[in-house]
Amino acid sequence: MKIGLVGLGWPGQQHVRAIRENENDAALTAVCDLDPEKLREFEGVCDTFSDIDEFFTRADMDAVILAVPHQLHAKLTLRALSLDKHVLIEKPMARTSEECRQMIEAAERNHKTLMVAQNWRYTPWCVAAKSIVESKELGKIQAVRTEWLLNFRPSFPKGSWIYNGELAGGGAITSLAIHNVDALRYIIGEVEEVYTNELYTDDWSSNGAENWAMCQFKFENGALGHLFTGYTPFDPPDNGMLYVYGEEGTMFFGKYQGENGLWIRSAKRSVDQHTSYERVDVEAFTKGFVTHPQTNQLKHFIESITNQTRPETDGREVIKTIELVEMMYASGNKGIPMKKDRKIGPLL
Ligand SMILES: NC(=O)c1ccc[n+]([C@@H]2O[C@H](COP(=O)([O-])OP(=O)(O)OC[C@H]3O[C@@H](n4cnc5c(N)ncnc54)[C@H](O)[C@@H]3O)[C@@H](O)[C@H]2O)c1
């Protein structure tokens with residue numbers, strides 16, 4: 001598959017690595033970035049473009065990967081689909097569910113694959129966590145806690161698009177915790193009700209973008225959830241976590257005894273039920289996966305196109321994550337819990 005890539009920031013570089021690690025099935029044929037410095041390393045490797053119009057007119061490609069600021073997600077996806085290219089779009093799918101709807105309609109009208117890079121779903125520990133919940137080893141899930149704390153300030157200076165709610169589509173929830181929100185839906189299930197206790201902002205953020213958010217969930221299966229995120233903490237000691245509490249066990253992804261991993265303590269295991277956790281052998285749940293999530297993700301994208309099957313994270317699936325994010329913001333802005341509006345659930 002001939003692939004063109006727009007956006008050569010950190011995520012763009014992960015996609016380059018993924019293409020190289022899928023070399024039997026994928027070839028990078030063109031890259032595009034406004035910054036000529038970032039194009040330099042691709043000279044002689046593939047076609048390089050600093051102008052997006054030229055890229056879409058001249059690049060030789062079957063599919064496009066878009067790793068660009070959020071205000072371009074819907075616009076460039078629609079453009080690529082109108083040119084009959086398959087699209088892998090970075091998270092968040094788009095700034096609003098309305099933009100997502102337009103993208104899905106265009107993909108279906110043009111019979112092209114539209115997949116969103118919600119890469120936690122292609123990360124071994126996350127896939128293993130879902131399998132363990134489904135295996136019922138933890139029993140009925142009672143509660144879940146998730147965090148994503150990362151300091152954006154060294155990477156994005158004051159005034160960047162990422163702190164502008166209109167351009168980014170939100171703040172820390174949209175740009176960071178969208179991974180956690182999507183993973184909650186993937187691992188635990190759909191959310192019935194959400195209450196965003198706090199959307200905190202300061203003078204780095206504008207147009208409704210929040211630096212910090214705290215949200216509570218009630219899932220359709222009765223589990224309770226708590227999410228805490230911020231993109232301006234000063235050097236947090238860790239940044240992404242998931243704790244799942246079931247009637248028969250506890251599982252978490254994070255550091256334990258100095259080592260990162262997926263850890264479990266359950267009634268079924270032989271470890272001491274009160275003092276220790278056992279490391280989950282995630283590879284046993286993720287046959288065929290490598291450790292680099294974007295490599296697994298790209299493999300799935302190509303297989304979905306080749307086999308004409310729905311990707312795990314296609315538009316119809318991920319628009320539900322965007323709808324949930326909209327519910328979280330509506331709750332925070334109104335200061336009241338929001339119940340799922342069944343009219344916006346199933347699409348079209
Ligand atoms: N999946 C992940 O783990 C992950 C991690 C970080 C970022 N992201 C996502 O990746 C996307 C890009 O994020 P980023 O941090 O690289 O942003 P960024 O602001 O660094 O932009 C990425 C690149 O796009 C280029 N660009 C901007 N406008 C362009 C245009 N009109 N034409 C061509 N190139 C253009 C910029 O020059 C830059 O090199 C966002 O959607 C972000 O949320 C995903």
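**Helix α4, the two sheets and the ligand shell of the predicted model**

In helix α4 (residues 73-82), the residues His 73, Ala 74, Leu 76, Thr 77, Ala 80 and Leu 81 are buried, a residue being called buried if 20 or more other C-beta atoms lie within 10 Å of its own, exposed if 12 or fewer do, and partly exposed in between, with C-beta atoms placed from the backbone. Helices (H or I, at least four residues) and strands (E, at least two) are DSSP runs, numbered from the N terminus. The structure is a predicted model, in which local features need pLDDT of at least 70 and side-chain atom pairs count only at pLDDT 80 or more, whereas totals for chains, interfaces and linings use all residues. Residues are numbered from 1 along each chain as its sequence is written. The cover over the buried residues of α4 includes β1 (2-6), β4, β5, α5 (97-109) and β6 (114-117), where contact between two residues requires their C-beta atoms, placed from the backbone, to lie within 7 Å. After α4 comes Asp 84, which has a positive phi near 65°.

Three of the strands that cover α4, namely β1, β4 and β5, belong to an open sheet of six strands with parallel pairing and the order β3-β2-β1-β4-β5-β6; two strands are taken to pair if DSSP finds at least two bridges between them. Because β3 (47-49) and β6 stand at the edges with a single partner strand each, one side of each is left without a neighbour in the sheet. On average, and with direction ignored, neighbouring strands of this sheet are turned by 20° against each other, angles being taken between N-to-C directions, from 0 to 180 degrees, with axes as lines fitted to C-alpha atoms, for helices over the stretch in contact. Within the sheet, β1 and β4 pair in the parallel sense over four bridges, and Leu 5 stands opposite Ile 65 in β4. Ile 65 also has Leu 88 as its bridge partner in β5, and β4 (residues 63-66) and β5 run parallel, joined by four bridges. Strand β5 (residues 86-90) is mostly covered, with five of its five residues buried; His 86, Leu 88 and Glu 90 lie on one side and Val 87 and Ile 89 on the other, so that both faces are covered.

A further open sheet comprises nine strands in the order β14-β13-β12-β11-β7-β10-β9-β8-β15, with mixed pairing. Its edge strands, β14 (278-279) and β15 (338-339), each pair on one side only. Helix α10 (residues 315-334) packs on this sheet, touching β8 (191-200), β9 (212-219) and β15, and its direction makes about 55° with that of β8. Eight bridges join β8 to β9 in an antiparallel arrangement, in which Tyr 195 stands opposite Gln 216 in β9. Strand β8 also runs antiparallel to β15, to which it is joined by two bridges, and there Glu 193 has Lys 339 as its bridge partner. Elsewhere in the sheet, β12 (residues 249-256) and β13 (residues 259-266) pair in the antiparallel sense over eight bridges, with Gly 261 of β13 as the bridge partner of Gly 254.Helices α6 (residues 124-135) and α8 (residues 172-187) have axes that come within 9 Å and cross at roughly 35°. This contact is made by Cys 126, Ala 129, Lys 130 and Val 133 of α6 together with Ala 183, Tyr 186 and Ile 187 of α8. Its residues divide into six nonpolar, no polar and one charged, where Ala, Val, Leu, Ile, Met, Phe, Trp, Tyr, Cys and Pro count as nonpolar, Asp, Glu, Lys and Arg as charged, and the others, Gly among them, as polar. Phe 285, in the loop between β14 and α9 (293-307), touches Val 127, Ala 128 and Ser 131, not counting residues up to four places away in sequence. Phe 285 is partly exposed, with 18 other C-beta atoms within 10 Å.

The ligand is surrounded by 23 residues, of which the closest are Gly 7, Gly 9, Pro 11, Leu 34 and Glu 90, a residue being near a molecule if its C-beta atom, placed from the backbone, lies within 6 Å of it. Helix α1 (residues 10-21) supplies the largest share of this shell, three residues. By class, the shell divides into 12 nonpolar, six polar and five charged residues.

Over the chain, the secondary structure comes to 10 helices and 15 strands, and buried residues make up 46% of the 348 residues. The radius of gyration of 20 Å agrees with the value near 20 Å for a compact globule of 348 residues, taken over C-alpha atoms and with the globule rule being 2.2 Å times the number of residues to the power 0.38. Among contacts between residues at least 6 apart in sequence, 69% join residues at least 24 apart.
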